[in-house]
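Got the model open in your viewer? Here is a short tour, one selection after another.

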Amino acid sequence: MRPVPFLVAWLLAACTPDVADKVDDTDTEAVESDTDPAETDVDDTDRVDTDRRETDTDVPDTDTDVPDTDTDVPDTDLPDTDTDTDTDLPDTDTDLPDTDTDTDLADTDTDTDVTDTDLPDTDTDLADTDTDTDTDTDLPDTDLPDTDTDLPDTDTDTDPPNRPPEITGLTLTPRPTVTTGVTATATTADPDGDPVTVAYAWTVDGTLAQTGPDAVLPPGAATRGQIVAVVATPSDGQHTGTPASASTIVVNSPPDAPDVLLLPRAARPGLDDLVCTLRTGLADADGDVVTSTVSWTLDGLPWTATATTTLPGDTVAAADVVPGTWICTVTAADAIDVSRGSDTQVVGSQEIVDVVVTTGLTCVLRADGTPNCFGSGLNDLQDVPEVPLHSLDAGSTLACGLDDDDEAVCWGRFATTYPPPAGPFTELVVGSLFACALRTSGEIACWGANNHHQLDAPLGTYIHLAAYNEAGCAESANGAVTCWGQNAPPGMAAGPVMDHLVIGNIWVCGHPTGTSSIRCGGFTSSLSGVWSNYRRLLGRANELCIHQANGTLACLPSASTPGGIATMPATELASKSGSVAAGLDAAGALVASGLFSYGATQAPTERATVPVALPLNPCWLDDDGFGTCVGFGLYGEETFPPVPLWTVDTGTYWGCGLDAVGAIRCWGHGLPGAHTPPGGVYTALSVGDDAACAVADDRSVHCWGNDVAGETTPPANLVADTVAVGFDHACALDDATQALTCWGNSTAGATAAPSGPFVDVRAGKNMTCGVRPDGAGVCWGTFFGGGSAVAPAGTFDVLIPGRLSICGLERSGAITCISNLDRASTHAPPGTFTGLDLEDDNVCAVDTAQRLWCWGTTGRRPL
């Protein structure tokens, strides 16, 4: 540091103490005393001006500096002679006016200022008129610490204080009821940008109910008419803001929505009342009295019943029930609000939505929830329950489905022996004598026989099941498959998740979701053949078939392995039962192929006028007289001639009918003479086991077929109006005399007809039954296997014996059946019927709505 010249020192001494100039950044102009808080100076020792010629006397000036926003970059000043035009940072000092014309000497100081922070000072600089002639150009530099000593100042730095947050809005939604509660929504702001939390204090009618960060007052905290209020207080962690408040009043709770049930689930047009009921009583959360009204729609249009009652049962009379979509809506009211509930039933729907084929049995599920099983009479699998189902599966001895509450419902001879556990369930499969279902948790529940550990399902959670015979398989959420039970196929390691799983004898396969490929484990056996236009297939056995994307069904050839189908496109997958395949075509109709020894190949959709029963097949005539059978006949007995018939009768494996001109048409097996009926015009006929007889237009009786016991040789000159042929005997009725004449095998007593009068006669295996003019039934002969034939009590139009059972159509339209054993053929449905037929142990009837009902061998539900 260079010494201060004497003259300058003397001048400074002669001035007032507060005129000492601070030099900023090597400028040699007088430093003004500023109080600008924007300047930040580091304490330094100001250099005084070394201008020796300065003799000015400063007078206070009133200059007002312009606020300076310059930011000095630290630099190292070089000596210069430039004229300084710097603009000082704003200050509040008042300069004394001066007239000095001192010329500052160019300074050569090389001090380097460090950027500092000036505290506001109150020193007053002497105004000067010196003109700096600095011409130096400052270069960026790094300031070194200097030893300048600032003159004392009174600057005091103060940081801006924290400002509290505030709530800018507070709302309560929704209008609370005793069952809904209320939510507070607060919008907040903080001037400093700090995060804000809100604390809530809830009161009900002024009483504190809840405090804390929860913005929700739960249901039940207040009752109708009470005032719910909330105080919301914001905080930024340092300060709390001004609380905000909001309030609302608890309003009325509407009544609970009625839980409506429309019964019966499978209502028959013209036969069953539609009754609108409630599963539970009407309720209101506020305890109000609830009233109800009922309204109906049919196919979307309002409908008013001709005869109704009030709940619990509002009824549409059977006479008004027509096919269509019926909806019953119950409106519950508590004098302030209303709520509604409804139930829907499709009456008369024939659409099939599910089908399963097992040994000797085909089961279908219609859109209205009606199940029906037909095929063999083994194990009473055809006797389906009177409840709607939304899924079903069947094995050889057991069938089960899921009802509207997702509970398992099972039927068959062993259903009571192995009752299902309580649900609810999401999926159900049936094996030979066991069933398994998935609980909503994904765990497996199994019931039935456990002789081969088929009930020992793995622990854990699963998404799909499959069962076959005495084995089961389950798929987990990662696509892995685990199998158990007898002959359980090897499972599959984790892989693509599948949406369909089937199991056969020694294989398991699945369809990966969203793909057209197949995953399999184990091996497959043979089946050949291709069917077209399938949209779904079900079943299970030793063969595997694939529903391809092009609508065709491809089945694996003999000795193929699962790897042979990995690249085949598939949208649906199924196994098969023996040599049977069944499915739904593109139109939703049931179709099938293969050998149905005791199954069915199609389900009827037409209205029936005349019921026809084959031992293993239900058949009927439609309005136009064309015959149709449900089932696969071993000898073509299910294939009616392509001409209209006005009456028809069938034997074990064949049938005959009369066409429009009275000619006899026969079809079925080719035993001696069966297909060679006599020519002529006929008015009535009857077909037995291997023989048939017909009444000509001249009332003469003509018979043909197998004459084992003389059943095709009626008495000479016999005239009659009605004829009946059994296993190896026959009878005829003369309407004029009401007398019966019988011939053929008399060993079992079937030909020992009592004296008249009779108005109708029918023959069975070893039995014959007649109806008296007063409707009383009379039967003679024996049940097959023993036991005298006895007519059931009642007043009948017709009484028909079979092999082990006897059924009659009462004059009231009801059907009554009896048997010497516990047979499914005795399980006649309720309702009003117009026609009845029985063959062996298969019974069919037509109701007043022209619906065909069959039971016994072929199932109980309407087909």
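## A stop at the cysteines

Select Cys-779 to begin: Cys-779 is buried, with 13% relative accessible area, where buried means under 20%, exposed over 50% and partly exposed in between, using a 1.4 Å probe and protein chains only. Before going on, note that this is a predicted model, in which local features need pLDDT of at least 70 and side-chain atom pairs count only at pLDDT 80 or more, while totals for chains, interfaces and linings use all residues. Residues are numbered from 1 along each chain as its sequence is written, and side-chain values use heavy atoms, with hydrogens and water left out.

Now add Cys-769 to the selection. A disulfide joins Cys-769 to Cys-779, with 2.1 Å from S to S; the term stands for a pair of cysteine sulfur atoms within 2.5 Å. The link of Cys-769 and Cys-779 is right-handed, with 110° about the S-S bond. This pair links distant parts of the chain: Cys-769 is in strand 50 (residues 767–771) and Cys-779 in strand 51 (residues 777–781), ten residues apart. Strands here (E, at least two residues), like helices (H or I, at least four), are DSSP runs numbered from the N terminus. Cys-769 is buried too, at 0% relative accessible area.

Next, go to Cys-731 and Cys-742. A disulfide joins these two, S to S 2.0 Å. The torsion about the S-S bond of Cys-731 and Cys-742 is about 110°, so this disulfide is right-handed. Distant parts of the chain are linked here: Cys-731 sits in strand 47 (residues 729–734) and Cys-742 in strand 48 (residues 739–744), eleven residues apart. Switch on the surface: are the two ends buried or exposed? Cys-731 is buried, with a relative accessible area of 0%, and Cys-742 is buried, with 18%.

Carry on to Cys-693 and Cys-703. Their sulfur atoms are 1.9 Å apart and form a disulfide. With 105° about the S-S bond, the link of Cys-693 and Cys-703 is right-handed. Cys-693 lies in strand 44 (residues 691–696) and Cys-703 in strand 45 (residues 701–705), so the pair ties together parts that are ten residues apart in sequence. Cys-693 counts as buried at 0% relative accessibility, and Cys-703 counts as buried at 17%.

How many disulfides does a search of the whole structure find? It finds nine, so there are others to hunt for once you have looked at these.

## Over to the sheets

Select strands 4, 3, 6 and 7. These four strands form an open sheet in the order 4-3-6-7, and the pairing is antiparallel; two strands pair if DSSP finds at least two bridges between them. Which strands stand at the edges? Strand 4 (207–212) and strand 7 (244–249) do, each with a single partner strand, so one side of each is left without a neighbour in the sheet. From one strand to the next, the twist averages 20°, with axes taken as lines fitted to C-alpha atoms (for helices, over the stretch in contact) and angles running from 0 to 180 degrees between N-to-C directions.

Zoom in on strand 6 (residues 227–235) and strand 7: six bridges join them, and they run antiparallel. Label Val-228 and look across to strand 7, where its bridge partner is Thr-248.

Then select strands 18, 19 and 20. Here three strands form an open sheet in the order 18-19-20, with antiparallel pairing. Strand 18 (391–394) and strand 20 (408–411) stand at the edges with a single partner strand each, so one side of each is left without a neighbour in the sheet. The twist averages 20° from one strand to the next. Strand 18 and strand 19 (residues 399–402) pair in the antiparallel sense over four bridges. Label Ala-394, and you will find that Ala-399 in strand 19 stands opposite.

## A tryptophan stop, then zoom out

Show Trp-296, Trp-303 and Trp-326 as sticks: they form one aromatic cluster. Rings of Phe, Tyr and Trp (its six-membered ring) pair if their centres lie within 6.5 Å; planes under 30 degrees apart count as stacked, over 60 as edge-to-face and the rest as tilted. A search of the whole structure finds five aromatic pairs.

Finally, select the whole chain. There are one helix and 57 strands in the chain. Of its 863 residues, 52% count as buried.
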